[in-house]
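Colleague: Could you take me through one part of this model in some detail? I'd like a close look at a single helix and whatever it sits against.

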Amino acid sequence: MAKVTFIEHGGAEQVVDIPEGWTVMQGAVRNGVEGIEAECGGSCACATCHCYVEEEFLDRLAPPSQTEEEMLDSTASERRPNSRLSCQIKVTSALDGLVVRLPEAQS
Amino acid sequence: MGAAGAPDDGGMVIIGAGQAGLQVAESLRAEGYGGPVTLIGDEPHAPYHRPPLSKAMLCGDADEAQLTIRGPEALERKGIALVTGVAVASVDRAARCVRLVDGRTLGYRGLAFATGSRARPLPVPGAELEGVLALRSLDDARRIAAALEAAGRVVVIGGGFIGLEVAAAARKHGRAVTVLEAADRLLARVAAPPVSEFFATLHAAHGVTLELDAAVTAVEGAGGRVSGVRTADGRMHPADLVVVGVGIIPNTELAQACGLECDRGIVVDACARTSDPLVVAAGDCTARRVGDGLLRLESVQNAVEQGKSAAAALLGKERPFTAAPWFWSDQYDVKLQMVGLSAGHDRVAVRGSVAGQRFSVFYFRGGDLVAIDSVNRAPDHMLGRKLLDKAVAVTPEQAADEGFALATLVR
């Protein structure tokens, strides 16, 4: 289980306990975190679960696949160096305390 | 059961707790509606993502809990009353109420049908044998996942998306797999020939036996259990597990019984409105009027967009769904993404390398771009949505020329 803090574009925070092996997106949508749509259900096919990962956690994540890399070029809000698709971030104990910020728009 | 009260309490009732029904409920809240919202599902689960059932779940990459779209607690926080495991018996539009099979009656101020669809049954003898399964629900996927553990030989009936995704998952489990397709190519209803050919080659390369023009005449078995599938040429295809993926039937019976117009789906306009101003419909159960015809879409995008339109319509607003349809499929390490409708195309242009498993097929009709199918080329797909939604002029020559940056057309 890892605690993940979601900070919405408007500043509202929600802390969610996410089991290891789940994706950050799965933990977010199940708990109704606003600002993550995840239309495709985690297939890396829609780019509507875009998030900005706090810098200190970036190097603890597996690097993006080619598909994620390409889908990140098509996000509704601007892509930044710390942009990731939350459906592609698998939760491990090393990610306990992870903080992600959510973009203004997903679609 | 919380928000659901006596008849005529003025609340919004949504029949069906899948992707479309959930979207109606949440969009009602997003649009500022503060009254009671009741979401009724006949499955025993909170709303879940259906696409991973034939992908991650069968491949062992996700368990059931991970498929949840919204958990019961999250719905409760939004004031959405979720009723699970109870079917609706009837709708009385004159009395503005919905009767559940457990005897409860819910009055409504606005009603949404999001009743989805069910797997089309295989119309041949033996289809009821043990070991013959269809994939539509979470419970179906659970049964197929369990059967894949033990089955040596798998026969998939139907070379559409569900069938091919199941075939890919079964190969991942190391099973011997035969796909029987009645048409002369795979994906005949949904994709154009170049894409069909690509997937035939892909599956053959992964060891799947493909039988095209294969008319299934019977499923055979012993002791009530399946042993194989017989085709019209007399051959027997031995199987321990048969998965049937021959299309879906929209669940329109409730709507028909209460007198709503139905024609291969509950007929709706672009704003998801039915023939009754108090009633909307969204998702797989609908057939949308487009010009003189009806458009049936079976996709997440359709469920989500019509769900948003339906919620707006219940509140007296017009929010038409006009975007180009998009869809995707994952098989092995190939991601197919489709946008637009390629039916009736008169010219194609290929961008990228088919042999390199990284290409897009652009479809033109009368000189206009009408659809793009992308294989492992997500940027073409995402750009294609913009090209089609904005009706940007693209020539086949530009599409086929990788040196030409299509993105410059939408700036």
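Modeller: Here is a walk along one helix of chain B, then outwards to its surroundings. Bear in mind that this is a predicted model.

Let's take α1 of chain B, residues 19-30. A quick sanity check on its geometry comes first. With 12 residues at 1.5 Å a residue, α1(B) should span 16 Å, and its end C-alpha atoms are indeed 16 Å apart, so the two agree. Just past the helix comes Gly32(B), which has a positive phi near 95°.

Is the helix covered or open? Mostly covered: 10 of the 12 residues in α1(B) are buried. The buried stretch takes in Gln19(B), Ala20(B), Gly21(B), Leu22(B), Gln23(B), Val24(B), Ala25(B), Glu26(B), Ser27(B) and Leu28(B). For the bookkeeping, a residue is called buried if 20 or more other C-beta atoms lie within 10 Å of its own.

What are those residues packed against? The buried residues of α1(B) pack against β1, β2, β3, β7 and α8 of chain B. The helix lies across β1 (12-15), β2 (37-40), β3 and β7 of chain B, and runs at about 170° to β2(B).

Those strands belong to an open sheet of 5 strands with parallel pairing, in the order β3-β2-β1-β7-β19 (chain B). Its edge strands are β3 (80-83) and β19 (279-281) of chain B, each of which pairs on one side only. From one strand to the next, the twist averages 20°. At the β19 end, β7 (residues 110-113) of chain B pairs with β19(B) in the parallel sense over 3 bridges. One contact to look up there is Ala112(B), whose bridge partner in β19(B) is Val280(B).

Now for α8, the helix that α1(B) also packs against. Helix α8 covers residues 300-314 of chain B and lies across β1, β7 and β19 of chain B. It runs at about 170° to β19(B).

Chain B has another sheet that you may want to keep apart from this one. There, 3 strands form an open sheet in the order β4-β5-β6 (chain B), with antiparallel pairing. β4 (88-92) and β6 (105-107) of chain B are its edge strands, pairing on one side only. The twist in this sheet averages 20° from one strand to the next. Strand β5 (residues 97-100) of chain B pairs with β4(B) in the antiparallel sense over 4 bridges, and Asp92(B) stands opposite Cys97(B) in β5(B).

To place all this in the chain, the domain assignment of chain B gives domain 1 as 12-118 + 249-314, domain 2 as 132-246 and domain 3 as 337-410. The centres of domain 2 and domain 3 of chain B, taken over C-alpha atoms, are separated by 30 Å. Between them, 5 residues of domain 2 of chain B are in contact with 9 residues of domain 3 of chain B. On the domain 2 side of chain B, the residues that touch domain 3 of chain B divide into 5 nonpolar, no polar and no charged.

Lastly, the neighbouring chain: 17 residues of chain A are in contact with 23 residues of chain B. On the chain A side, α1 (24-30) and α3 (66-72) of chain A each supply at least two residues. That side of chain A divides into 5 nonpolar, 8 polar and 4 charged residues.

Methods. Residues are numbered from 1 along each chain as its sequence is written. Chains are lettered from A and ligands numbered from 1 in the order in which they are written. This is a predicted model: local features need pLDDT of at least 70, side-chain atom pairs count only at pLDDT 80 or more; totals for chains, interfaces and linings use all residues. Domain bounds come from an automatic or database domain assignment. Two residues are in contact if their C-beta atoms, placed from the backbone, lie within 7 Å. Ala, Val, Leu, Ile, Met, Phe, Trp, Tyr, Cys and Pro count as nonpolar, Asp, Glu, Lys and Arg as charged, and the others, Gly among them, as polar. Two strands pair if DSSP finds at least two bridges between them. Axes are lines fitted to C-alpha atoms, for helices over the stretch in contact, and angles run from 0 to 180 degrees between N-to-C directions. The expected span of a helix is 1.5 Å times one less than its number of residues.
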